[in-house]
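Subject: Structure for your files

Hello,

Here is the structure you will be working with. Please open it beside this message, since the notes below refer to residues by number.

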Amino acid sequence: MNRPPIDSYLQRLHEHWQAERSGAVADYIPPLALADPSWFGIAVATTEGHCYEIGESRRAFTIQSISKPFTYGLALHDLGFEAVDAKVGVEPTGDAFNSISLDPDSGRPLNPMINAGAITSTSLVGGDSPAAREARILDAYGGFAGRELAVDTDVYESERATGHRNRAIGHMLRGFGILEDDPEIALDLYFRQCSVAVECRDLAMMAATLANGGVNPLSGERALDRGVVDRVLSVMTTCGMYDSAGEWVVDVGMPAKSGVAGGVLAVLPGQLGIAVFSPPLDPHGNSVRGIEVCRQISEDLSLHLLHVARTARSAVRRTYSVADVPSRRRRPEGQCAVLDAVGARGIVHVLHGDLVFAAMESVVHGIVDERDQIDVAIVDLTEVTEMDAAAARMLGSLGVWMAEGGGTLAVVAPPDHDLLGEIPREGLRLFPDLDAATEWCEEELLAAHAGGSEEAARIALAEHRLARNLDAEKLARLEGALEPRPFAAGETIFAAGDPADAIYLLVAGEVTVEIELDGERRRRLATLTPGLAFGELALAEVPARPVSVRGESDGECLVLTVAEFDRLGAVDPALQAALLRNLLVSFSEVIGRMSREVGSLFRGR
């Protein structure tokens, strides 16, 4: 089977940008110069905890300047906003990452993303010793990544030996009183934090944790307070990409941070995190492939943060199986038994609100993850108000992927609202309402697991559910009280408002029970097959029919009038009691089914 839709998209993206050869590997830190320019990995992690990756996503490299927002957040958490703001500002500089951009009066670094501000942030992390502060930083990074991280000692030793400009910045900060202790202590910890080894997948999960308000999507543990996350993301937006920050916000539109080892991290709040690893850098010190991949993902998937903020989780109203909530077609007992057994292989996702990439990703991931247990997936868009092009394309790709694996994707889309736009319908089965899609799904499951649902054959009275457990004498007496009533397809058997004076036992063909909504529109309540009865409310002395019943096909009913039912009670009370008992059993089956449906709709899945 081909790759699932999101994996397939990342594969195409990786193949396209693998051919990019511009840029140069950083060489001012000797170990970084050993990187292979062809190394290239992409990882995307969602706030649901789903991670997609391609290429060199598990190759270790050092975090470098991508560490800065995380250490800044840690300092804010430890000391509070006011204390940190007194030492480092939040204004963009438009200068390079290693620029000496200080407030001319206070000597305060203009923001925590340039090296001067980052060294200051590192000095503010809590701990009673350098070792304790390093342990705190590593523990915090690990909380974001979801695993334990460690320093690459070779890179650290090289950074410490060659970091002359950073050492000059540190001593200047000490001269302005921004650093209050020996600058070498802060510098050494800064070199160590930049030398933490990570993988592309780690960075994606760290970004997803920021996107998730500071809670790691996999562990469920809080790595940083939400208020601090908001501040960190704000500074990343305006300052994270240094002298190309403005162009980045316009083109990509996500808070981001890059590192000279070739990493790029981007965050879409409420939805996902993106990480790219590719060592060749542009003149700004950003990964060439990393920038282009993020730009294309943002464009392809409509991820710009200035789009109206929408959360993925609110889009899925409920999820359930066809076994839990079947169609309104009341089927013969044999078919019901089959659908009870295999109905879980038909899954319904009811969506609502605005659909963006992350919302559709959650649905696609669920279907892909359970593909071996699913024959048919139904996606109901009836309550969806808007679906962007990226979500629509993903839905179309999911249909093609399922079809290639022998499954089917059904989409419920209102005919008066073209949610799918120009997306090809290949691989999709479209339906105007959910009940029609559910009934079709049942037919597909019956065809796959029971040889199909043959047209219901005529049954004898003895096979009817209302005649259960009647002996020959009582069956003959009942038959004598019944009046045959043939009907044609489309014929109204009774209409809403007609006198309720009889109960109907269906023995051939099918009928549909409908309710009138507004004088013109009708809604199907049920389609009944032989063995079922309708009009039972007549026995409850309801004066008029609340619904209409029409023939779905040619067929026949056996009619038991209220007068004949009363007569049977007079001559054979046991027969009347048996009929009432069978009616109660049927009502119990209906109530049980409705209870399961209501439970499923509230419970989801």
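The notes below cover the cores, the strands, the salt bridges and a patch on the surface.

Please keep in mind that this is a predicted model.

Nonpolar cores

The largest nonpolar core has 70 residues. Within this core, Leu203, Met206 and Leu265 touch the most other members. Helix H9, residues 200–211, supplies the largest share of the core, with nine residues. Leucine 265 is a useful place to start looking. Leaving aside neighbours within four places in sequence, leucine 265 is in contact with Ile66, Phe70, Leu203, Met206, Ala207, Met236, Pro255, Ala256, Lys257 and Ile274. There is also a second, separate core, made of 59 residues. Its members include Leu13, Phe40, Leu398 and Leu420.

Strands and sheets

Five strands form an open sheet in the order S10-S19-S18-S21-S16, and the pairing is mixed. Strands S10 (329–330) and S16 (492–494) stand at the edges with a single partner strand each, so one side of each has no neighbour in the sheet. Strand S18, residues 511–516, pairs with S19 in the antiparallel sense over six bridges. To find this pairing on screen, look for threonine 512, which stands opposite threonine 527 in S19.

Strand S22 covers residues 555–561, and six of its seven residues are buried. Which strands pair with S22? One is S15, residues 483–487, which pairs with S22 in the antiparallel sense over five bridges. In that pairing, glutamate 483 has valine 559 of S22 as its bridge partner. Another is S17, residues 502–508, also antiparallel to S22, over six bridges. Here alanine 508 stands opposite glutamate 556 in S22.

Salt bridges

How many salt bridges are there? The count comes to 33. Three of them are described here, followed by a network.

Glutamate 157 and arginine 160 meet through their side chains in a salt bridge, at 2.8 Å from N to O. Both belong to helix H6, residues 153–162; because they are three residues apart there, about one helical turn separates them. Glutamate 157 is partly exposed, at 38% relative accessible area. Arginine 160 is partly exposed too, at 36%.

Glutamate 247 and arginine 295 form another salt bridge, with their closest N and O atoms 3.9 Å apart. This pair links distant parts of the chain: glutamate 247 is in helix H11 (residues 245–251) and arginine 295 is in helix H12 (residues 288–300), 48 residues apart. Glutamate 247 counts as partly exposed, with a relative accessibility of 48%.

Arginine 465 forms a salt bridge with glutamate 333, and here the closest N and O atoms are 3.9 Å apart. Arginine 465 lies in the loop between helix H16 (434–450) and helix H17 (472–481), while glutamate 333 is in helix H13 (residues 333–342), so the salt bridge ties together parts that are 132 residues apart in sequence. Is arginine 465 buried or exposed? Arginine 465 counts as buried, because its relative accessibility is 10% and the cut-off for buried is under 20%. Its partner, glutamate 333, is partly exposed, with a relative accessible area of 46%.

As for the network, Arg328, Arg329, Asp435, Glu439, Glu510 and Arg524 are joined into one by salt bridges that share partners.

A buried threonine in helix H16

Threonine 438 lies in helix H16. Threonine 438 is buried, with 4% relative accessible area. Not counting residues up to four places away in sequence, threonine 438 touches Val322, Val325, Pro326, Ser327 and Ile378.

A nonpolar patch on the surface

Ile515, Leu517 and Leu525 make a nonpolar surface patch of about 230 Å². Leucine 525 is found in strand S19, residues 522–528. What is the exposure of leucine 525? Leucine 525 is partly exposed, with a relative accessible area of 39%.

If you are short of time, I suggest viewing leucine 265 with its contacts, then strand S22 between the entries for S15 and S17 above, and then the salt bridge of arginine 465 with glutamate 333.

Regards

Technical notes:
Residues numbered from 1 in each chain as written. Predicted model: local features only at pLDDT ≥ 70, side-chain atom pairs only at ≥ 80, totals over all residues. Heavy atoms only, no water. Patch = residues over 30% accessible without salt bridge, like charges linked within 9 Å, V, L, I, M, F, W, Y side chains within 5 Å. Areas by Shrake-Rupley, 256 points an atom, 1.4 Å probe, with all protein chains shown as cover. Salt bridge = Lys/Arg side-chain N within 4 Å of Asp/Glu carboxyl O. Helix = DSSP H or I, 4+ residues; strand = E, 2+ residues; numbered from the N terminus. Buried < 20%, exposed > 50% of the residue type's maximum accessible area, 1.4 Å probe, protein only. Pairing = 2+ DSSP bridges. Core = buried A, V, L, I, M, F, W, Y, C linked by side-chain atoms within 4.5 Å. Contact = heavy atoms within 4.5 Å.
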